[in-house]
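Student: I have a structure open in front of me, and I would like to work through it with you one question at a time.

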Amino acid sequence: MALYLTEKHIKYKNGKDDCVSPFFIYQNNNKRTKVFCSLKISNKNWCFDKKRVKSSDKESGLKNKKIKLVKLQIESIIDSYKLKNEPLTPETLKAEFEITKILDSDIKNIKTRSLLNSKIPIGPLANKWKSHKGNINLVSPSNKRNIDIIVVGTGLAGASASATLAELGYNVKAFCFQDSPRRAHSIAAQGGINASKNYQGDGDSDYRLFYDTIKGGDYRSREANVYRLAEVSGNIIDQCVAQGVPFARDYGGLLDNRSFGGVQVSRTFYAKGQTGQQLLLGAYSAMNRQIARGKIEMFSRHEMMDVVKIDGKARGIIARNHVSGKLERFSAHAVVIASGGYGNIFYLSTNAMGSNVTASWKIHRKGAYFANPCFTQIHPTCIPVSGDYQSKLTLMSESLRNDGRIWVPKDKTDAKLVREGKLSPLDIKEEDRDYYLERRYPAFGNLVPRDIASRAAKERCDNGYGVNKTGEAVYLDFSHSIYRYGKEKALLNGQDENDNNIVNMLGKKVIKQKYGNLFQMYEKIVDEDPYVMPMKIYPAVHYTMGGVWVDYNLMTTIPGCFAIGEANFSDHGSNRLGASALMQGLADGYFVLPYTIGDYLSDDISTGKIKTDSKEFDESEKSVQELLDKLISNQGKHSVDYYHKKLGKIMWNKCGMSRNQNDLVDAINEIKKLRKDFYKNVNVTGKIEEYNEQLAKAVRVADFLELGELFAKDALERNESCGGHFREEYQTKDGEAIRDDKNYKFVSAWEYVGEPSQAKLHKEDLKYEEIEVKTRSYK
Amino acid sequence: MKLNLKIWRQKDNESKGNFEKYLIDDITPEMSFLEMLDILNEKLINENIDPISFDHDCREGICGSCSLFINGRAHGPDKGITTCQLHMRKFKDGDSIIIEPFRAKSFPIIKDLVVDRSAFDRIQHTGGYISINTSGNTQDANTIPIRKEDADNAFDAATCIGCGACVATCKNASAMLYVSAKVSQFSYLPQGKVEAKERVLNMVKQMDEEGFGNCTNTGACEVECPKGISIKNIARMNREFYKAKI
């Protein structure tokens with residue numbers, strides 16, 4: 001039951017006292033009544049005046065019980081403010097309480113400002129998670145056996161959540177569209193995973209990890225969630241080592257670390273360039289153990305097509321079996337979306353070919369708010385695009401910036417000669433090279449955060465310093481590190497440290513040890529030896545910080561529907577730091593969701609099995625069937641890829657690394673047109689009830705075509721530059737971002753109302769209790 | 001360049017398959033092999049012919065989805081890579097390329113070049129894990145030091161991507177390299193020792209039940225493995241197996 005404080009009811013005088021009258025809405029048999037309570041304030045002292053409901057009121061007993069509950073809640077807020085010795089104003093009280101949207105027209109006259117309640121526990125930041133865990137509702141082990149949970153997606157977040165939920169005793173149904181849960185795209189994460197273990201003794205702590213993440217995210221993430229993330233990061237490493245994940249170790253047998261962008265400590269744990277693979281296989285093994293015990297039922301080659309809501313709660317999904325092509329119904333007491341990000345909206349990205357937004361978008365259409373869709377991460381070090389046929393881009397891990405130096409020629413004519421193939425980078429002298437990151441950001445150098453490194457590369461290339469045929473590439477050069485490591489090794493081995501051949505050979509060996517698989521990948525794609533020639537790299541779409549809006553419990557605005565991992569929005573603000581995606585996926589899956597979900601499920605212990613033959617399932621399945629029928633019988637003239645590529649071009653050119661008002665308005669119109677054309681002219685071959693990759697793709701692209709519009713709308717409405725969102729209108733003379741904390745320190749959560757660009761905006765104000773909001777500087 | 005393609009087409013598991021010939025033009029050396037197939041599929045769609053189905057996802061050689069047998073070799077003519085990392089510069093103008101699915105009794109064909117490798121998952125269910133719960137209070141990760149060499153060996157075994165090239169290549173369709181990679185990984189680590197015996201016995205039993213063949217030490221699996229998983233792992237698994245049997 002929500003409490004409302006309206007403008008009208010905020011303050012009035014009663015004699016000498018200032019009074020406030022919050023009210024809540026009581027609903028029974030579709031009848032709603034407002035019940036008022038009153039609060040007295042004098043300076044800092046608040047007291048709650050409990051107003052009894054008249055005994056003549058039929059439901060006086062229940063209403064009074066509600067008032068008592070409200071009283072308790074308000075008193076706990078009053079107490080916490082007293083403890084902190086902070087003044088409690090009606091406005092802050094209002095913010096502490098949920099003020100939800102009022103659905104029915106009969107109470108239209110009540111003007112409430114919609115504010116999202118993130119349900120952040122009160123109390124000091126460092127104690128929030130601990131005390132929340134202590135106060136949360138639990139489900140007893142015997143009751144867990146009667147509760148089903150659906151988990152969509154088996155990447156780090158989905159696999160770890162499935163495994164832990166099953167360990168706890170819930171019955172899990174896990175879904176992935178790939179042929180095995182181990183194929184989820186978390187597997188491709190290269191560089192590492194952060195944890196505030198401080199094994200290197202370089203002054204790391206939970207607070208520092210928290211601080212770096214908030215700052216890296218350009219002050220657009222939710223403080224309490226990020227602190228929790230930092231707090232459980234150490235546990236993740238313990239858990240993974242216990243599972244047999246072979247992290248890199250030093251000669252003493254202890255875990256090794258390296259450094260990533262945007263931080264000044266070494267806190268990244270890694271397994272060569274395959275950290276994601278090793279962590280995912282760890283989570284996959286934990287899943288396998290539960291599959292063997294019968295606690296997880298695994299549905300591979302199944303794609304979620306819709307969520308089913310019963311009485312407003314998420315109670316199941318409709319999935320399409322990719323092998324038979326048939327639609328199937330699955331019920332559960334809660335649905336967890338762990339389907340990853342939507343970077344593939346750009347067509348070309350470092351995501352896997354199948355990565356898509358469909359699961360997130362389907363729940364959005366059914367009532368889950370979508371937050372900050374325009375916050376996209378463009379990763380600075382990817383292999384540049386080589387032609388129109390290209391299907392995807394390949395990332396070169398950020399860890400390479402530990403040992404690689406980024407540069408372009410100082411002289412435009414040199415750059416031109418390089419582009420024409422008339423000059424080799426090896427022939428450009430040291431003094432003729434512009435190490436532009438080291439020049440512009442001396443404190444962090446090559447290890448500035450990703451958004452900054454990407455924009456700097458774009459700036460150089462736009463100004464004519466690019467070094468490949470298309471002029472869209474910069475160098476990532478390892479020669480200095482090869483030399484440095486080689487010398488060190490030669491000294492250690494007692495070899496001649498002045499012999500360049502020996503030094504070179506030894507240095508290459510060290511680099512190979514550290515990044516061998518990445519160098520091999522590069523060589524296979526580009527056909528050039530990166531041990532000799534500097535790598536050519538360019539930014540590419542990599543990760544989406546935006547996603548489904550969730551509260552502190554990771555629940556979306558649909559009761560019983562949760563979103564974890566990259567699919568949600570909460571932890572990375574407008575820019576994610578390297579090696580934090582793995583951390584967040586596993587934190588959500590192993591250590592957060594399995595506990596917070598109990599808070600919701602404690603009401604469901606006597607619900608019993610949810611039937612799939614209800615009218616809600618019928619309707620949901622029917623709507624999916626209609627979409628599939630429409631797509632397959634269209635007989636248009638263009639393939640699905642044709643539309644996906646077109647959408648990608650619009651997104652990259654107009655909503656990419658830098659954005660402006662005109663382009664964004666154009667993008668909205670162009671996407672609208674493209675979507676219309678898609679439904680008119682798309683050609684999907686084959687039948688529904690068979691293995692049909694084209695049909696699966698068509699459904700995904702249809703959703704991207706809606707999301708694109710919302711994405712552009714979100715970027716258009718956010719009139720500031722922050723993190724990965726760079727608006728050309730808001731920059732300093734030397735091209736740095738200008739953030740607007742006064743007007744935009746909030747999360748944009750969009751409610752679906754039909755046309756994506758008409759979506760309704762809900763704001764979650766971001767409050768920073770423990771951190772001073774500053775202009776981000778890496779200089 | 002111009003290429004003559006001979007590709008295995010099969011409507012579904014029950015139907016009989018056959019090779020179909022396709023001619024393709026304007027392929028450049030920088031394209032990846034799968035991008036070449038994308039272009040062919042785009043052409044087929046525009047002619048209203050059912051495009052060729054093949055498994056693929058990450059297209060950077062790590063997810064293990066892609067699985068083509070190209071000119072008689074798993075993942076094609078290049079070394080140490082998966083099909084998605086194969087580039088057309090490995091072929092010449094006018095070449096004929098034969099593309100088949102990974103063939104093994106335990107990998108039934110779903111459609112065209114897509115096969116069902118769920119037998120691999122089922123083997124993992126029987127022991128490919130360490131029985132540890134997510135409690136949040138396991139001991140600190142640095143409590144047990146592990147020799148760097150052991151950690152590195154465990155890692156090398158753990159890099160298996162589960163693509164099935166070893167099975168497709170083996171004349172006996174044996175899954176020994178795949179199973180041994182997991183057994184080996186855990187055998188190098190102290191955490192894996194506790195359940196070593198049950199693990200190897202159960203995984204080998206399931207491997208046999210799935211219908212994979214035996215190892216006759218031909219070594220083809222090691223040659224074709226895109227991740228260079230060493231055949232030494234098989235020896236190690238055999239040792240673990242005998243140890244468990246005694």
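Student: Into which domains is chain B divided?
Tutor: Before we begin, please keep in mind that this is a predicted model. The domain bounds come from an automatic or database domain assignment. One part of domain 2 covers residues 117-133 and another covers 141-245. Chain B is thus divided into domain 1 (3-111) and domain 2 (117-133 + 141-245).

Student: How many residues of domain 1 of chain B are in contact with domain 2 of chain B?
Tutor: The C-alpha centres of the two domains of chain B lie 28 Å apart. On the side of domain 1 that touches domain 2, the residues divide into seven nonpolar, seven polar and three charged. Domain 2 gives 17 residues to this contact, and the number from domain 1 of chain B is 17.

Student: Which element gives the most to the side of chain B that touches chain A?
Tutor: The contact between the chains joins 68 residues of chain B to 67 residues of chain A. The elements of chain B that give two or more residues to it include β6 (109-111), α2 (118-125), α3 (148-158) and α1 (33-46). With seven residues, the element that gives the most is α1(B).

Student: How do the residues on that side of chain B divide by class?
Tutor: The side in question is the one through which 68 residues of chain B are in contact with chain A. By class, these residues divide into 23 nonpolar, 28 polar and 17 charged.

Student: What is the relative direction of α5(B) and α7(B)?
Tutor: Two packed helices are described by the angle between their axes and the distance between the axes. Here α5 (176-187) of chain B packs with α7 (residues 196-209) of chain B at an angle of about 175°, with their axes 11 Å apart. Because angles over 145 degrees count in this way, the two helices are roughly antiparallel.

Student: Which residues of α5(B) meet α7(B)?
Tutor: By class, this contact has eight nonpolar, one polar and one charged residues. On the α7(B) side, the residues include B:Arg199, B:Val200, B:Met203 and B:Met207. From α5(B), the residues that meet them are B:Val179, B:Val183, B:Phe186 and B:Ser187.

Student: How are α7(B) and α9(B) placed relative to each other?
Tutor: The axes of α7(B) and α9 (residues 232-245) of chain B come within 9 Å and cross at roughly 110°. Residues of α7(B) such as B:Leu201 and B:Val204 make the contact with residues of α9(B), among them B:Met237 and B:Phe241. By class, the contact has seven nonpolar, no polar and two charged residues. Because angles of 65 to 115 degrees count in this way, α7(B) and α9(B) are roughly perpendicular.

Student: Which are the edge strands of the sheet with the order β13-β14-β15 in chain A?
Tutor: This is an open sheet of three strands with antiparallel pairing, and its twist averages 25° from one strand to the next. Each edge strand pairs on one side only, and the edge strands are β13 (302-310) and β15 (327-331) of chain A.

Student: How many bridges join β13(A) to β14(A)?
Tutor: The two strands form a hairpin with two residues between them, and A:Asp311 in the turn has a positive phi of about 50°. Within the pairing, A:Asp306 stands opposite A:Ile318, and A:Val308 stands opposite A:Gly316. The number of bridges that join these antiparallel strands is eight.

Student: How many of the nine residues of β13(A) are buried?
Tutor: Helix α17 (residues 615-632) of chain A lies across β13, β14 and β15, running at about 140° to β13(A). The strand β13(A) is mostly covered, and the number of its nine residues that are buried is eight.

Note on methods: Residues numbered from 1 in each chain as written. Chains lettered and ligands numbered in written order. Predicted model: local features only at pLDDT ≥ 70, side-chain atom pairs only at ≥ 80, totals over all residues. Contact = placed C-beta atoms within 7 Å. Helix = DSSP H or I, 4+ residues; strand = E, 2+ residues; numbered from the N terminus. Nonpolar A, V, L, I, M, F, W, Y, C, P; charged D, E, K, R; others polar. Axes fitted to C-alpha atoms, helices over the stretch in contact; angles between N-to-C directions. Parallel < 35°, antiparallel > 145°, perpendicular 65-115°, else oblique. Pairing = 2+ DSSP bridges. Buried ≥ 20, exposed ≤ 12 C-beta atoms within 10 Å, placed from the backbone.
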